[in-house]
Amino acid sequence: MTQAEIKLCSLLLQEHFGEIVEKIGVHLIRTGSQPLRVIAHDTGTSLDQVKKALCVLIQHNLVTYQVHKRGVVEYEAQCNRVLRMLRYPRYIYTAKTLYSDTGELIVEELLLNGKMTMSAVVKKVADRLTETMEDGKTMDYAEVSNTFVRLVDTHFVQRCPLVPATENSDTGPPPPAPTLVVSEKDMYLVPKLSLIGKGKRRRSSDEDATGEPKAKRPKQTTDNKEPIPDDGIYWQANLDRFHQHFRDQAIVSAVANRMDQTSSEIVRTMLRMSEVTTPSGAPFTQPLSSNEIFRSLPVGYNISKQVLDQYLTLLADDPVGCL
């Protein structure tokens, strides 16, 4: 990593998380993986502050950890992930373009908080949308939930790895650090939640919903809190999927410039058909038959099957190698 990139990482970390997190993050970028006490010693920072800084960095996927054979846990900064913070506005704008204001705020909340439960995201976004509505109107939790599910179905949002149940039930001594795993079939599986309610507007700090002064409110104990329906199931923005979307847009634009609009629409259809079945870094999409492509063309796009086959032949014979 160049000095310019390290400086940029430093500025990004300081702007988003403050000086202490920036100091720990840049130290790991410069030195590579290190255990907790070495980080504290080398940076002249207390163990407690180092732990809190590492928690923030891990929460935002900017640092990973690994347990070595001797039981020592070492932490390593993810430099490329730090630099991707520059693209946060573009990720958010893309979500707004595809899924309106609700999708925009869902992705924004996940990027700002790193990892969140679905119920927490839905309630926070519903409250924020309600704030922007006219008096008397509110945003229903169900509507936000539907948009969240659509983002998961198209892989823009994915589950975070979690501690497996077998590790929790182990009667032996706990490991130095938990091993987080997530199966591919569960990564985009949304739990069935019954989130009933509407967004709430923020009120003045002196009064609650009943208009009573704050001092007269009965204190709520932790026993009165409602249980979180999806406790332990956290979600994060899938940045690789956003980059796949950007790449697909560039491909469609290039085909339109080189050939014509019909060719680009055919390529767009092929990319859309395989966007969730093809890994984001794969050089090719999944194989598609001309019949499948024909059936998946946008409604109202009136070209015959014969014309489609001619376009596919042109695309396959093109020296650029679109197909």
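Start your tour at the helix pair where α1 passes α2 in a right-handed crossing. Keep in mind as you look around that this is a predicted model.

**Stop 1: the α1/α2 pair**

Select residues 3-17 for helix α1 and residues 19-31 for helix α2. Two packed helices are described by the angle between their axes and the distance between the axes. Here the angle is about 155°, and the axes lie 8 Å apart. Angles over 145 degrees count as roughly antiparallel, so α1 and α2 are roughly antiparallel to each other.

Now show side chains where the two helices meet. On the α1 side, pick Q3, I6, C9, S10, L13, Q14 and F17. Their partners in α2 are E19, V21, E22, G25, V26, I29 and R30. Colour this contact by class and you will find seven nonpolar, four polar and three charged residues.

**Stop 2: the largest pocket**

Next, turn to the largest pocket, which has a volume of about 940 Å³. To find your way in, select I58, N61, V63, K115 and L180: of the 31 residues in the lining, these are the closest to the pocket's centre.

Which elements should you highlight around this pocket for supplying at least two residues each of its lining? Try α4 (47-59), β2 (63-67), β6 and α10 (239-258). Helix α4 deserves a colour of its own, as the largest share of the pocket lining, five residues, comes from it. A colouring by class gives 17 nonpolar, nine polar and five charged residues for the lining of the largest pocket.

**Stop 3: the cavity**

Finally, look for enclosed space. Rolling a probe the size of a water molecule over the atoms shows where empty space is left. How many cavities of 30 Å³ or more does a search of the whole structure find? The search finds one, and the volume of the largest cavity is about 40 Å³.

To see its walls, select H60, N61, R81, Y88, L110, L111, G114, Q236 and A237. You have met N61 already, among the residues closest to the centre of the largest pocket; here N61 lines the largest cavity.

Two elements to show as cartoon are α6 (88-113) and β6 (234-237), which give two or more residues to the cavity lining. The largest share, three residues, comes from α6. Strand β6 also appeared at the previous stop, where it supplies at least two residues of the pocket lining. By class, the cavity lining divides into four nonpolar, four polar and one charged residue.

Technical notes
Residues numbered from 1 in each chain as written. Predicted model: local features only at pLDDT ≥ 70, side-chain atom pairs only at ≥ 80, totals over all residues. Heavy atoms only, no water. 1 Å grid on protein atoms, 1.4 Å probe; cavity = no way out; pocket = protein on both sides within 12 Å on 5 of 7 lines; lining within 4 Å. Points joined across faces, edges and corners; volume = space filled by probe spheres on them. Helix = DSSP H or I, 4+ residues; strand = E, 2+ residues; numbered from the N terminus. Nonpolar A, V, L, I, M, F, W, Y, C, P; charged D, E, K, R; others polar. Axes fitted to C-alpha atoms, helices over the stretch in contact; angles between N-to-C directions. Parallel < 35°, antiparallel > 145°, perpendicular 65-115°, else oblique. Left-handed = near helix turned anticlockwise from the far one by under 90°. Contact = heavy atoms within 4.5 Å.
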